[in-house]
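Here's a friendly walk through a protein model, starting with the empty spaces inside and moving on to some helices and single residues. Have the 3D view open as you read.

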Amino acid sequence: MAGAPPSYCFVAFPPRAKDGLVVFGKNSARPRDEVQEVVYFSAADHEPESKVECTYISIDQVPRTHAIVISRPAWLWGAEMGANEHGVCIANEAVNTREPAAETEALLGMDLVRLGLERGATAKEALDVIVSLLEEHGQGGNYYEDANSCHSFQSAYLLVDREEAWVLETVGKYWAAEKITEGVKCICNQLSLTTKMDAEHPELRTYAQSQGWWTGEDEFNFSQIFSPADDHLDCCAGKDSLEKQEESITVQTMIDILRDKASGVCIDSESFLTTASIVSVLPQNRSSPCIHYFTGTPDPSRSIFKPFIFVDDVKLVPKAQSPCFGDDDPAKKEPRFQEKPDRRHELYKAHEWARAVIESDQEQGRVLRKTMLELEKQGLEAMEEILSSPEPPDPAEVGDLFYDCVDTEIKFFK
């Protein structure tokens with residue numbers, strides 16, 4: 001498999017973002033044929049001493065987990081990106097560092113995204129969850145559903161809530177983090193923290209010295225010290241896309257950035273594709289709900305962003321969920337990945353037809369895309385009304401919001 005292209009995470013804070021909203025976005029660049037599903041898990045209480053089975057290992061469960069909605073490669077337990085009921089959003093990036101990632105099966109970076117969402121009620125709380133689990137269990141294992149070779153990576157995270165964001169970058173169990181409360185921030189698949197660190201592993205500097213990577217006398221520059229010598233991946237595209245926005249950043253701005261193929265933010269190459277995307281709006285006014293838009297399908301320039309709002313009685317969406325193979329799943333049996341089952345869900349299959357039409361028939365494709373964007377626009381306008389209303393939304397009306405959008409999209413493709 002060719003080297004992975006960059007995938008991007010973004011956040012914009014007021015006043016750069018409009019109307020007192022924090023806007024978060026992420027494109028997930030993954031192998032072309034990989035299916036992502038959008039799954040909701042309600043808050044739950046757990047028995048003392050119970051375990052949770054992550055992608056490769058089991059760890060101790062906590063007494064209570066928060067409600068979450070995640071977008072994830074259908075073969076694994078964790079998540080590429082997602083949100084929880086408290087308005088915390090997390091996305092992860094695979095990064096290469098001076099220290100190769102362990103191939104030994106441990107927690108995947110994507111497992112840590114989900115664990116952070118399930119256990120953290122703020123971005124900082126989620127960060128504390130991730131770094132303590134990293135210390136205890138380590139990170140490692142194959143990032144791809146690939147029997148031929150192991151692709152293992154270190155991880156970087158963007159953790160966002162209504163007040164602040166944290167960039168967390170890891171090298172094995174060691175880590176550094178920066179807090180952000182204003183402006184815009186983009187992260188991608190390379191280390192970005194330099195000399196401004198607001199939190200770090202207590203032994204980070206000692207470790208860098210012990211490896212001969214830092215003298216102890218120069219200024220401590222995290223990415224300079226821990227990046228591989230040949231790290232020339234261009235992650236400026238995303239940063240430029242966000243920073244050059246002259247007007248206030250809105251949900252639509254973030255969607256447009258994620259759709260931009262010319263800049264390289266939206267990936268469509270021989271081996272890789274933007275397989276799913278998310279945009280979240282987190283109002284700093286706590287009386288307004290957070291709204292999360294998921295595609296659940298590949299290529300955001302040919303996908304519809306569909307809204308999700310947390311309420312007590314969210315309707316599950318089986319049509320955006322992949323088939324479950326239980327213990328027979330080749331990702332669970334060792335040796336792993338001996339075959340690749342068909343993980344396409346109903347939404348994915350319907351969308352495959354739409355992508356084929358857009359690619360093969362210029363006129364029909366143009367009409368189809370126009371109608372798709374019209375559907376999306378209706379959803380965005382309805383959400384604007386909810387955000388500008390002084391009253392909280394009626395749970396009965398928004399509980400099946402994402403379900404209805406997926407249903408409408410599938411019917412429309414048929």
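## The largest cavity

In this predicted model, the largest cavity holds about 60 Å³ of space. Its lining is made up of Val-38, Val-39, Tyr-40, Val-69, Phe-308, Val-314, Lys-315, Leu-316, Val-317, Gln-321 and Phe-402. Which strand gives the most to that lining? Strand β3, covering residues 36–41, does, with three residues.

Sort the lining by class and you get nine nonpolar residues, one polar and one charged.

## The second cavity

The count comes to two cavities of 30 Å³ or more, and the second largest has about 30 Å³ of space. Around it you'll find Arg-32, Asp-268, Leu-273, Asp-299, Arg-302, Arg-355 and Glu-359. By class, that makes six charged residues, one nonpolar and no polar ones.

Two of the names in this lining, Arg-355 and Asp-299, come up again below.

## Helix α7

Helix α7 takes in residues 346–360. How far apart should its ends be? With 15 residues at 1.5 Å a residue, the helix should span 21 Å, and its end C-alpha atoms are 22 Å apart, so the two values agree.

The buried residues of α7 are Leu-347, Tyr-348, Ala-350, His-351, Ala-354, Arg-355, Val-357 and Ile-358. An α-helix has 3.6 residues a turn, so residues three or four places apart point the same way. As for what covers the buried residues of α7, the list includes strands β16 (272–283) and β18 (306–308), plus helices α8 (362–388) and α10 (401–413). Arg-355, one of the buried residues here, is also part of the second largest cavity's lining.

## Helix α8

Next up is α8, with 27 residues. From its first C-alpha to its last, α8 reaches 38 Å, close to the 39 Å expected at 1.5 Å a residue. At its N-terminal end sits a cap: a side-chain oxygen of Asp-361 lies 3.2 Å from the backbone nitrogen of Glu-363.

Which residues of α8 are buried? They are Gly-365, Leu-368, Met-372, Glu-376, Gly-379, Leu-380, Met-383 and Ile-386. The cover over them includes helices α6, α7, α9 and α10, together with strands β17 and β18.

## Helix α6

Helix α6 runs over residues 251–258. Is it largely enclosed or largely open? Six of its eight residues are buried, so the rest of the structure largely encloses it. Those six are Val-251, Thr-253, Met-254, Ile-255, Ile-257 and Leu-258.

Look at the start of α6 too: there, a side-chain oxygen of Thr-250 comes to within 3.3 Å of the backbone nitrogen of Gln-252.

## Ile-291 and Ser-301

Ile-291 belongs to strand β17. Its relative accessibility is 0%, so it counts as buried. Leaving out residues up to four places away in sequence, Ile-291 touches Val-279, Ser-280, Val-281, Pro-307, Phe-308, Ile-309, Met-383 and Leu-387. Among these, Phe-308 also helps line the largest cavity, and Met-383 is one of the buried residues of α8. Ile-291 and Val-23 are 268 residues apart along the chain, yet 9.9 Å separates their C-alpha atoms.

Ser-301 is in the loop between β17 (291–294) and β18. Its relative accessible area is 12%, under the 20% cut-off, so Ser-301 is buried. The side chain of Ser-301 makes a polar contact, at 2.6 Å, with the side chain of Asp-299, a residue that lines the second largest cavity. Setting aside neighbours within four places in sequence, Ser-301 is in contact with Arg-259, Lys-261 and Arg-369.

## Two more loop residues

Try His-201 next, in the loop between β15 (199–200) and α3 (204–210). His-201 is buried, with a relative accessible area of 3%. Apart from neighbours within four places in sequence, its contacts are Glu-135, Lys-173, Tyr-174 and Trp-175.

Pro-392 sits in the loop between α8 and α9 (395–398). Is Pro-392 buried or exposed? At 54% relative accessible area, it is exposed. The C-alpha atoms of Pro-392 and Pro-289 are separated by 7.3 Å, with the two residues 103 apart along the chain.

Note on methods
Residues are numbered from 1 along each chain as its sequence is written. This is a predicted model: local features need pLDDT of at least 70, side-chain atom pairs count only at pLDDT 80 or more; totals for chains, interfaces and linings use all residues. Side-chain values use heavy atoms; hydrogens and water are left out. On a 1 Å grid over the protein atoms alone, a cavity is a set of points where a 1.4 Å probe fits but cannot get out, and a pocket is an open set with protein on both sides within 12 Å along at least five of seven lines; lining residues have an atom within 4 Å of a point. Grid points are joined across faces, edges and corners, and a volume is the space filled by probe spheres set on the points. Helices (H or I, at least four residues) and strands (E, at least two) are DSSP runs, numbered from the N terminus. Ala, Val, Leu, Ile, Met, Phe, Trp, Tyr, Cys and Pro count as nonpolar, Asp, Glu, Lys and Arg as charged, and the others, Gly among them, as polar. The expected span of a helix is 1.5 Å times one less than its number of residues. Buried means under 20% relative accessible area, exposed over 50%, partly exposed in between (1.4 Å probe, protein chains only). Contact means heavy atoms within 4.5 Å. A polar contact is a pair of N or O atoms within 3.5 Å; within protein, one must be able to donate a hydrogen and the other to accept it, and residues adjacent in sequence count only if both atoms are side-chain atoms.
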